[in-house]
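Student: I've got a chain open on my screen and would like to talk through its fold with you. Could you take me through it piece by piece?

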Amino acid sequence: MVHQGLSRRSLLAALPLLPACAQLVGPQPTAALAASAPAIPREFRAAWVATVANIDWPSRKGLSDAEQQQEVRAIVARAREVGLNALILQVRTSADALYASRLEPWSEYLSGTQGQAPGYDPLAYWIEQTHGAGLELHAWFNPYRARQLNAKSDEAPSHLANTQPGWVKRYGKQLWIDPGEPGAAQHSLAVFRDVLERYAVDGIHIDDYFYPYPEKNPDGTELDFPDEASYAAHGEGLSKADWRRRNVDRLVQAMHALVREVRPAARLGISPFGLMKPSERPEGILGFSQYDKLYADVELWLREGWLDYLVPQLYWPRAQTAQAFGPLLQGWMRLNPKGKPIWPGLYTSRITQGQAGGELQGGGDTRGWQPEEVSGQIALTRELNPGSGHVHFSMAALNQDRRGVVGHLRAQSYPEPALPPAFAELPDLPAPALALRAVDGGWRLEPAHEPAGPLVSWIQDPQSAHSLQRVWLWWREGGRWRGEWHAASATFQRPSAADALVASGINRIGMEGPRRAWTL
């Protein structure tokens, strides 16, 4: 409900007729009024924005800076329209960068040529646009892939394949950074540190590509990953499988420690393949083992708390018995002794325009879905894990509004807005108290630092002002409360039928600040 360009006269014309002395006042019975408004609804509602192979953004290589930026704005606007509150943007696809980096070359998915710089910083622009709209922005990295099979450009001179050829191995049709090379792991950690230090991301995020999915030899046998040299140098007597898992474990543990050190209010999210190790599966669940093939011991990471949220890719329909959505979600929840947030990844891109979907890694149903499958999975998630969340793969299905999915989700899944769950265990300054100020075009809620008339009842430490990330606003119409969130700098028009407003600031980890209330 953010309105731009409204004059003060048009704003006042929208208000009900009142005596000349009527105004928004406070804090007269504000404490009771603020307490009467409901609790803020919470649910992580996100979508991945994949840049590899131009899946989601940019729509193709070689767009001008202005065209790329217009697409960013359109994606952010569509996310708000659908009802999302976060986006997860892929910023490192193949030892490259979709941001200004001194460590790795510019991604070819921008210009078509790896190493060619745009005239702006895409990650900085994404942060500006998402935060300006009140959305969270999480930076998504692939920690090990060095060249994707559909890449066309030659590697830039600064690419790891050229600067550190001993770290980069060809496996099948792609290039991979060897997880067993200690120097390669330190390089990836330096990449993560660089982004955390220079960009105000709300989190960093990795997906299911650890060791690569198995490739086949011409005779149909499984092709082994070519890490004999690093295993001989660093195996320390472990079996190769245990050594590979240890390599990934160490990176995950170091990433979590790095986030806490560099940007404590940010979160580390991991989105693994959706099936747990065979020994931990619910009865009847069958299929690919990431523990044995990708060397990802996700169950260990949950037990040790080396992540802040988990997004298992539950990319199967509810009725597919061998990979049943509900039992899998419950199975992951049972493997979670520290109570970390578990938000299923939903395969929304399986909603096609009437065409069959592609095959998933590890198998799965290939028929196109209807929007009802996705909304049904959201409803089941809420039933099994209230107040949690989910992530759509990917933004393309929502951008294209396949089979009317946008209107369907608005009506069935997101009729009311929600904020992401708070992370109270993370450190952050408190959200400031708010003052309400009339501005040209509406009303603005902002940190209250100094006394400024009857709208301010206390003074907040000015140092906490920068922790204001969003504002939650309740208004009362006919005795019923309605709510919505705004960006911290948003201007809003008070609904004409409202007789009371209650607002609170939200800080970087989602904690609600003191509520303020005003009545007419």
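Tutor: We will go from the overall make-up to the sheets, then to the helices, and end with some backbone details.

Student: Before we start, what kind of model is this?

Tutor: This is a predicted model, so please read every value below as computed from that prediction.

Student: Fine. How many helices and strands does the chain have?

Tutor: The secondary structure comes to 15 helices and 20 strands, and of the 520 residues in the chain, 57% count as buried. Among contacts with a separation of 6 or more, 73% are between residues 24 or more positions apart.

Student: Let's do sheets. What's the strand order in the one with four strands?

Tutor: That open sheet runs 17-16-19-20, and its pairing is antiparallel. Strand 17 (480-487) and strand 20 (516-519) are the edge strands, each of them pairing on one side only, and from one strand to the next the twist averages 20 degrees.

Student: How many bridges hold strand 16 to strand 17 and to strand 19?

Tutor: Strand 16 is joined to strand 17 by eight bridges, in the antiparallel sense, and strand 16 (residues 470-477) is joined to strand 19 (residues 500-506) by seven, again antiparallel. On the side of strand 17, Trp474 stands opposite Gly483. On the side of strand 19, Val471 has Gly505 as its bridge partner, while Arg476 is partnered by Ala500.

Student: Is strand 16 mostly covered or mostly open?

Tutor: Strand 16 is mostly covered, with six of its eight residues buried.

Student: And the turn from strand 16 into strand 17, what happens to the backbone there?

Tutor: The hairpin of strand 16 and strand 17 has two residues between the strands, and in this hairpin Gly478 takes a positive phi near 60 degrees.

Student: What's the order in the three-stranded sheet?

Tutor: This other open sheet has the order 14-15-18, with antiparallel pairing, and its edge strands are strand 14 (434-439) and strand 18 (491-492), each of which pairs on one side only. Strand 15 (residues 442-447) pairs with strand 18 over two bridges, and Trp443 is the residue that stands opposite Phe492 in strand 18.

Student: Switching to helices. At what angle do helix 13 and helix 15 pack?

Tutor: Helix 13 (residues 371-384) and helix 15 (residues 405-412) pack at about 30 degrees, with their axes 10 Å apart. Angles under 35 degrees count as roughly parallel, and these two helices are therefore roughly parallel to each other. Their crossing is right-handed.

Student: Which residues make that contact?

Tutor: From helix 13 the contact is made by Pro371, Glu372, Val374, Ser375 and Ile378, and from helix 15 by Val405, His408, Leu409 and Gln412. The residues of this contact divide into five nonpolar, three polar and one charged.

Student: What about helix 3 and helix 5, which way do they cross?

Tutor: The crossing of helix 3 and helix 5 is right-handed. Helix 3 (residues 65-82) packs against helix 5 (residues 122-132) at an angle of about 35 degrees, with the axes 10 Å apart. Helix 3 contributes Gln69, Val72, Arg73, Ile75 and Val76 to the contact, and helix 5 contributes Tyr125, Trp126, Gln129 and Thr130; these divide into five nonpolar, three polar and one charged.

Student: Which residues of helix 12 are buried, and what covers them?

Tutor: In helix 12 (residues 325-334), the buried residues are Phe325, Gly326, Leu328, Leu329, Gly331 and Trp332. Their cover includes helix 10 (290-293), helix 11 (298-304), strand 11 (309-310), strand 12 (345-346) and helix 13.

Student: Last topic, odd backbone spots. Where are the cis peptide bonds you'd point out?

Tutor: One joins Trp57 and Pro58, with omega about -20 degrees, and Pro58 lies in the loop between strand 1 (44-49) and helix 3. Another runs from Phe393 to Ser394, with omega near -5 degrees, and Ser394 lies in the loop between strand 13 (389-392) and helix 14 (395-399).

Student: And what is phi at Glu236 and Asp401?

Tutor: Phi of Glu236 is near 50 degrees, a positive value in a residue other than glycine, and phi of Asp401 is likewise near 50 degrees. Glu236 lies in the loop between helix 8 (228-234) and helix 9 (240-262), whereas Asp401 is found in the loop between helix 14 and helix 15.

Student: Are those two buried or exposed?

Tutor: Glu236 is exposed, with a relative accessible area of 61%, while Asp401, at 30% relative accessibility, counts as partly exposed.

Key:
Residues are numbered from 1 along each chain as its sequence is written. This is a predicted model: local features need pLDDT of at least 70, side-chain atom pairs count only at pLDDT 80 or more; totals for chains, interfaces and linings use all residues. Side-chain values use heavy atoms; hydrogens and water are left out. Two strands pair if DSSP finds at least two bridges between them. Axes are lines fitted to C-alpha atoms, for helices over the stretch in contact, and angles run from 0 to 180 degrees between N-to-C directions. Angles under 35 degrees count as roughly parallel, over 145 as roughly antiparallel, 65 to 115 as roughly perpendicular and the rest as oblique. A crossing is left-handed if the near helix is turned anticlockwise from the far one by less than a right angle, and right-handed if clockwise. Contact means heavy atoms within 4.5 Å. Ala, Val, Leu, Ile, Met, Phe, Trp, Tyr, Cys and Pro count as nonpolar, Asp, Glu, Lys and Arg as charged, and the others, Gly among them, as polar. Buried means under 20% relative accessible area, exposed over 50%, partly exposed in between (1.4 Å probe, protein chains only).
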